[in-house]
Amino acid sequence: MKFENTATDTFFDTTAVLGKAHTRIDGPLKVSGQAPYAYERHDVVGGQLVGYPLGATIARGRIVSIDAEAARAAPGVTAIVTTLEIDPLGISSFNDVRLFGGDAIQHYHQAIAVVVADTLEHARHAANMIEVTYEEESGLFDMEEAWKGRDTSGDPDSETGNVDAGFADASVTLDATYRTPVQSHAMMEPHASVVDWSDGERMTVWTSNQMIAWNRKSLAQTFDIDPEKIRVESPYVGGGFGAKLFLRSDAVLAAIGSRAAGRPVKLALPRPFVFNNTTHRPATIQRIRLAAERDGRLTCIEHEGASHRTPHGSSEENPVSQTEVFYAAANRRVKHHELKLHLPESSSMRAPGEASGLMALEIAMDEMADKLGMDPVEFRILNDTQVDPQNPDIPFSDRHFVDCLRVGAETFGWCARNRSPGSTRDGMWLIGHGVAGAYRGAPTLKSGARVRLKKGRLIVETDMTDIGTGSYTIIAQTAAEMMGLTADTVDVRLGNSDFPVSSGSGGQFGAASSTAGVYAACLALRNKIAEELGSDDLRFEDGRVIAGNKAFPLADLFDGKEVCAEDSMDFGDSQKKFKIATFAAHFVEVGVHAATGTVRVRRMLAVCDAGRILNPVTARSQVIGGMTMALGAALSEELLVDTSRGYFVNHDLAGYEVPVHADVPQQDVIFLDTEDPEISPLKAKGVGELGICGVAAAIANAVHNATGIRIRDYPVTLDKLIGELPEI
Ligand code: MOS
């Protein structure tokens, strides 16, 4: 079916199951170890061997020779395939660079061989025996250099009003440059796959991937085979954050190894491979200029930003896009530069664009409020907009950013904060409070599902994934709501290419899109039942279908015969007439140690505006996950680039520091829980990416409030503070 808007559809205005707190239905399976992740699919196919990758140790050039003689004779080895033995594989439409085959090296830790053996230890041992010689080429690895050499002559991405004149007339101005480093998704489960391609004909892939249909298409393009011959399963995913949107070398190497060995092969990327072999969030450099009247009204906003990608692809990390629409100002200009570096392939990571962009913009807003002598909450409220400031004819569908700020300030006790930096103490700790706004788009993608009702139980099948987000649960709730059932009478089956194609999980489009697809399938099922019963006025309630004055228990319907229906939700151009987005306000309290500069976040509050909340338990879990990830972005996460050799140096979880439980303080989340009539029949938007947006800036702003030190270069580490701390 096609979605227009919800004007004629009031089904979800009353809800029995949806919108209610429901713990995740896959929770017991997960905590008891019964939800099998890709590397644990021991029982799907017999005779599995173990694969281990070898990665290039140069960033750019070609392989002259690979000597795998000794490795082939090592204990337990069944097969070794080197990249020189294989014609260059195809590059799928979702990848920048070739994942295997040929002699060209395009980035450090590019896969150059796979060893297949009886055990992991044997495979790893043999991989270490392979000798490789290279012809190395120099490359561009330095973001600062690329930024200095950027082309500033081109047109802006967008411009409204007259920015130059606006700045010339301005009363108060700000011009500052901010930097965010390369970050890694660092999800718990590394990229892993079991692949059976023993006969070189049909390929079955048990993997860990966010997008089943894209994955299957990529495999077909990479190996130049018919997608009909490929089956992909990914029912449980141990975190993705964008790292598993696309096909990566784990599945490719396992497939090649399986074909060579004539047996199924399982392969997990060793943790150090994940950083350079797969994708990352690129660094950004962002120059922001703001101008305002003395009363605090912004007159100009200019945001020039840059991120990097390989010379072969286009950047996902556009840090300026939210600046086009977040705050009002008559004169505005944004420009994004895609800098080309010979580093590993950068790609999407949770809220690509906004996550980095708001790390800069929301410090700039704090700095401007300071210059104006205004409260940063009031400054943001004053500059709110209910329409797209570049196209005033296009309103936001449902925007309550001001309420987020007001409710947050009230709940957090914002008015009690000390406005003069560096003047609140708790023993040796300097205490500070910070606020930031958040904006994240709310896209939708076509999504389908199949539903089967039999003896009162409903089975839902869709290739949607649950990457730890709660998809199983909200899909069960949606189907239950539609059919008058309880969530525990619905069996949800996900992550299988045999099922109807869904939106998949990404871009925070999964919750809104996939539940709309399930809604469409359930409507089709209701229509089918109506036809069979010869009545077009049916209600589904309490496990019964009610037609006029007759009620039939679903458990007995049609003598236990299965009724099945399938449909999808096509969102068409429903996002064209309105700006559809999510908003939040973040408030944090930090302590900065007066002697060492150590930063501890002490309290965090998020107030979120994301339409109807489908399930407050899973939604909260998404937001606190995002807040925790942003805590890492603010204070510790940074992949360090070796700018002479072109690779990420700290490529393990000892050197790349993500927050642990002890780093995470009290976190509170409030949802405004409104209804967005333009997004989908469910009026609900995603929150998975909103939670990471703006938080890091709130922390940096709180550090400024605590110490008077303005850090514009993430992460905010103690070495950047220690020389500037106020006298004890
Ligand atoms: Mo998301 S970065 O599209 O998984």
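Two helix packings and one pocket of a predicted model are described here.

Helix α12, spanning residues 471–483, packs against helix α13, spanning residues 510–533, with an interaxial angle of about 30° and the axes 9 Å apart. Because angles under 35 degrees count as roughly parallel, α12 is classed as roughly parallel to α13. The crossing of α12 past α13 is right-handed. On the α12 side, the contact is formed by Ile474, Ile475, Thr478, Ala479, Met482 and Met483. The α13 side contributes Ala511, Ser514, Thr515, Val518, Tyr519, Cys522, Leu523, Leu525, Arg526 and Ile529. By residue class, this contact comprises twelve nonpolar, three polar and one charged residue.

A second packing involves α14 and helix α15 (residues 695–707), whose axes lie 8 Å apart at an angle of about 50°. The two helices, α14 and α15, are therefore oblique to each other. The crossing of α14 past α15 is right-handed. In the contact, Met627, Ala630, Leu631, Ala634 and Leu635 of α14 meet Val695, Ala696 and Ile699 of α15. The residues of this contact comprise eight nonpolar, no polar and no charged.

Helix α14 (616–635) also takes part in the lining of the second largest pocket, to which α14 and strand β28 (599–609) each supply at least two residues. The volume of this pocket is about 400 Å³. The lining consists of 20 residues, of which Val599, Leu635, Ser636, Glu657 and Asp663 are the closest to the pocket centre. Leu635 thus appears both in this group and in the contact of α14 with α15. Nine residues of the lining are nonpolar, seven are polar and four are charged.

How values were computed: Residues are numbered from 1 along each chain as its sequence is written. This is a predicted model: local features need pLDDT of at least 70, side-chain atom pairs count only at pLDDT 80 or more; totals for chains, interfaces and linings use all residues. Side-chain values use heavy atoms; hydrogens and water are left out. Axes are lines fitted to C-alpha atoms, for helices over the stretch in contact, and angles run from 0 to 180 degrees between N-to-C directions. Helices (H or I, at least four residues) and strands (E, at least two) are DSSP runs, numbered from the N terminus. Angles under 35 degrees count as roughly parallel, over 145 as roughly antiparallel, 65 to 115 as roughly perpendicular and the rest as oblique. A crossing is left-handed if the near helix is turned anticlockwise from the far one by less than a right angle, and right-handed if clockwise. Contact means heavy atoms within 4.5 Å. Ala, Val, Leu, Ile, Met, Phe, Trp, Tyr, Cys and Pro count as nonpolar, Asp, Glu, Lys and Arg as charged, and the others, Gly among them, as polar. On a 1 Å grid over the protein atoms alone, a cavity is a set of points where a 1.4 Å probe fits but cannot get out, and a pocket is an open set with protein on both sides within 12 Å along at least five of seven lines; lining residues have an atom within 4 Å of a point. Grid points are joined across faces, edges and corners, and a volume is the space filled by probe spheres set on the points.
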